[in-house]
There are 2 protein chains.
Amino acid sequence: MSTRAGIVVTGTEVLSGRISDRNGPWVSAQLLELGVEVAHITVCGDRSDDLLAQLRFLADEGVDLIVTTGGLGPTADDLTVAVVSEFTGRELHTDPEMRATIEAVIRNWRKVSGDLTPAMTAAIDKQALIPDGAEAVPPTGTAPGVAVAATDELPAILVLPGPPHEVQAMWASALATPAVVAAIADRDSYRQHTLRAYGLSEADLAESLLQAESEIAGFDALEITTCMSDGELEIVTRFEAGAAPTYQAVEDVILARHGDRVYSTDGSTIGEVLAGLLDGRTIGTAESCTGGLVAAALTDRAGSSSYLLGGVVSYANEVKSGVLGVPADLIGEVGAVSEPVAKAMAEGARRVLGSDIAVSTTGIAGPGGAVPGKPVGTVCFGLAIDGRETVTITRNFPGDRAAVRRRATSAALHLAARALRE
Amino acid sequence: MSTRAGIVVTGTEVLSGRISDRNGPWVSAQLLELGVEVAHITVCGDRSDDLLAQLRFLADEGVDLIVTTGGLGPTADDLTVAVVSEFTGRELHTDPEMRATIEAVIRNWRKVSGDLTPAMTAAIDKQALIPDGAEAVPPTGTAPGVAVAATDELPAILVLPGPPHEVQAMWASALATPAVVAAIADRDSYRQHTLRAYGLSEADLAESLLQAESEIAGFDALEITTCMSDGELEIVTRFEAGAAPTYQAVEDVILARHGDRVYSTDGSTIGEVLAGLLDGRTIGTAESCTGGLVAAALTDRAGSSSYLLGGVVSYANEVKSGVLGVPADLIGEVGAVSEPVAKAMAEGARRVLGSDIAVSTTGIAGPGGAVPGKPVGTVCFGLAIDGRETVTITRNFPGDRAAVRRRATSAALHLAARALRE
């Protein structure tokens, strides 16, 4: 039987949509990697009753492990440990070792050598409480985690803090607690393969999968999920080791039908693929509507300084002309959102930055700015490569300003990758 | 009594952490704005049993409305409508009007005027199914939404598609369905106020709130939540209209103690505040470690072309020298990550871009690149303003590469805003 887990993300700021949760996805990916199936993620505000209800729900669903994030801070709305103690019927006690650790951290952070204020003492006391029989997970901030072993009635519960970097830093030691080790001891070894495609619709993929299903025995052993995001289609398949030949047969069908659209068969992202395709060549950017997002995407990987020389965000036409050398007359004649201007931007960026390759974007991200024949979402791209004719394309993207900017960024990376693959 | 809602986000790609959900936060914020309290958000994969369990959980928790997103597509893993039909004990039938709408959309998208393929027909048939007695919400993509009225036993259920732009485009008509109108008719009118601070710790705020609690009668009528993210502390307070004077008294305490750190009392973001402070002046950027993120942040608002002229991403030292005019000797002498280089970058950006103001970043985002005295997370900033002495600062940020880049971006915006406020 497979091991199932549930994740509870706490925090009114997450529940109310003010911040986007990064812990649920991260913990989920880690558990999946370990072979633990994540059945549910639940998000609740800083309210005892709702948190209690979610813990009860996950326990009733029979998960083997519950991981909570958030609600371990010093303020009154941080109530996870108290609720877990109530839920598991365990009293709270002070962990003296943790108390000393927290006090040392606070003294160091706040540079206090003498007496602590009453508020500081209260904060330290609160964060050093753990349920009887539970194990503390040493903090990287000020909040220790807590691991409570499973009982006949209840799953194991791992309580982690809210800041994502603390969750990530504490993960290894949390996994090593006897409570968690025991909870996930029976996990399966699943395999997971990821294909990534650009310019392939979900409907076209669905047709191919229907074909594969009719042709390939054992197709049902594969759990295939697809996700379309900003023009990228991700196809993730999860299966037990024995179904590997079946998976390979399905992948062969997809590649036979859509090989020109599939850019990655090993889970690598377009940023990683492009970095590999550059193969020692350097790249630069000239951006208008994407406003720096293409350069930001090209610099998000460690080591990107070996290929990204730099970029010019030429938002104003004066910068297009003054820095990139796009003739002002040309802009006046055909408009800033045009393939000739995209071409001149890309070639200007190569010249100014000294890169082997440059990619450019100029478009109408909206909501305003549309002109006859150029609706919101129109984006022109240029790609200049040393020794080749500069190419340009025009695309039209749906969605709001943020979506147009994201899609245009993705398209710019794919334009460069496709050209380098040729 | 207040009206409570639950949100169910479906999709294995969200549950497994491969993509970050944008629908839960968006729907939640919309509901809160309407005065509907969101009690729970749950995320489940594309599995009937888990989805059914979550619907049952929310119904048992007594919510008045469940909003689901995702699972309405043409593929086999899209099963929300079928599960909702099972959960509510309603048969599925074809909605002829929706079927015609979907067929027209598909013919248009895929440019088919003659016979449809069997796969297309199957996709259309599947997406036109709605539960008996439910109302279809017209699609903006190919998937209609579904609104099912509450019964004595079950809450109202609003079923929406997965792509965020479709959810957002369909929201207004979904709210107008009789099922949803009835479900949220009794909602309260809450008020919500947001303060935003930079450079204020949660612990310092907690002390101030303790003081406010001891001094201000009726403090308990306020639901105050705080959230720290990339150096920004957001303080959101929700209360019924009658508690407005209490809220004002608390806000006064916070402003008296931390007024220099609070940069927004009306919910506006640093981007909006900075745009206002620029007051007709233009700005440009010179970025190294942030790689375009500062320019991207300055262009994410509509109308940003009125103040952001452009930016230079000078990742390579040759670009710092060649484009921004930072003396190569200076870089050789003090290193690229230094205040003198940050100063020269900012002044170079002003000169090259022709802006009134320019802000620069140069730092070590990691994981590599640390040198003695300059650990990972060290970032130097420069701010050049027409008619003023250029200022520089050095900060050290915790976290991984992405966190350092985000925090440095936020710090650059705040550096500029604080100087313009003086």
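Tutor: A residue counts as buried under 20% relative accessible area, as exposed over 50%, and as partly exposed in between (1.4 Å probe, protein chains only). This is a predicted model: local features need pLDDT of at least 70 and side-chain atom pairs pLDDT 80 or more, whereas totals for chains, interfaces and linings use all residues. Residues are numbered from 1 along each chain as written, chains are lettered from A and ligands numbered from 1 in the order written, and side-chain values use heavy atoms, without hydrogens and water.

Student: Why is B:Glu37 called buried?

Tutor: The relative accessible area of B:Glu37 is 9%. That value falls under the cut-off, and B:Glu37 is therefore buried.

Student: What makes A:Arg47 partly exposed?

Tutor: A:Arg47 has a relative accessible area of 24%. This lies between the two cut-offs, so A:Arg47 is partly exposed.

Student: Why are A:Arg47 and B:Glu37 said to form a salt bridge?

Tutor: The term requires a side-chain nitrogen of Lys or Arg within 4 Å of a carboxyl oxygen of Asp or Glu. The closest N and O atoms of A:Arg47 and B:Glu37 are 2.7 Å apart, and the pair therefore qualifies. The pair crosses between chains: A:Arg47 is in the loop between strand S2 (37-44) and helix H3 (48-60) of chain A, while B:Glu37 is in strand S2 of chain B. Such helices (H or I, at least four residues) and strands (E, at least two) are DSSP runs, numbered from the N terminus.

Student: How many salt bridges cross the interface of chain A and chain B?

Tutor: The rule finds eight across that interface, and 28 over all chains of the structure. One of the salt bridges joins B:Arg4 to A:Asp50, at 3.0 Å from N to O. Salt bridges also link A:Arg4, A:Glu37, A:Glu223, B:Arg47 and B:Asp50 in a network.

Student: How is the area buried between chain A and chain B known?

Tutor: Buried area is the accessible area (1.4 Å probe) that two parts lose on being put together, summed over both. For chain A and chain B that comes to about 6,300 Å², with 54% given by carbon and sulfur atoms. A:Arg18, A:Arg47 and A:Tyr315 supply 9% of the area that chain A buries against chain B, more than any other three residues. Counted by contact (heavy atoms within 4.5 Å), 83 residues of chain A and 82 residues of chain B take part.

Student: What separates A:Arg99 and A:Glu103 along their helix?

Tutor: They are four residues apart in helix H5 (residues 96-110) of chain A, which means a separation of about one helical turn. Their side chains meet in a salt bridge at 2.9 Å, and A:Arg99 and A:Glu103 are both buried. A:Glu103 also has a salt bridge with A:Arg107, at 3.0 Å, and those two are likewise about one helical turn apart because four residues separate them in helix H5.

Student: Is A:Arg107 buried or partly exposed?

Tutor: A:Arg107 has 22% relative accessibility, which lies between the cut-offs, so A:Arg107 counts as partly exposed.

Student: Why does A:Ala5 count as buried?

Tutor: Its relative accessibility is 0%, which is under the cut-off, and A:Ala5 is therefore buried. A:Ala5 lies in strand S1 (residues 4-10) of chain A. Among the residues that A:Ala5 touches beyond four places in sequence are A:Leu31, A:Val36, A:Val63 and A:Leu65.

Student: What is notable about phi of A:Asp230?

Tutor: Most residues other than glycine have a negative phi, and most peptide bonds are trans. A:Asp230, which is not a glycine, has a positive phi near 50°. A:Asp230 is in the loop between strand S10 (223-229) and strand S11 (232-240) of chain A. With a relative accessible area of 16%, A:Asp230 falls under the cut-off and is therefore buried.

Student: Is A:Asp279 buried or exposed?

Tutor: At 64% relative accessibility, A:Asp279 passes the upper cut-off and so counts as exposed. A:Asp279 also has a positive phi, of about 50°, and is found in the loop between helix H11 (270-278) and strand S13 (283-287) of chain A.

Student: Where is a cis peptide bond found in chain A?

Tutor: A cis peptide bond joins A:Gly366 and A:Pro367, with omega about 0°. A:Pro367 is in the loop between strand S15 (357-363) and strand S16 (378-385). In chain B, the bond from B:Gly366 to B:Pro367 is cis, with omega near 0°.
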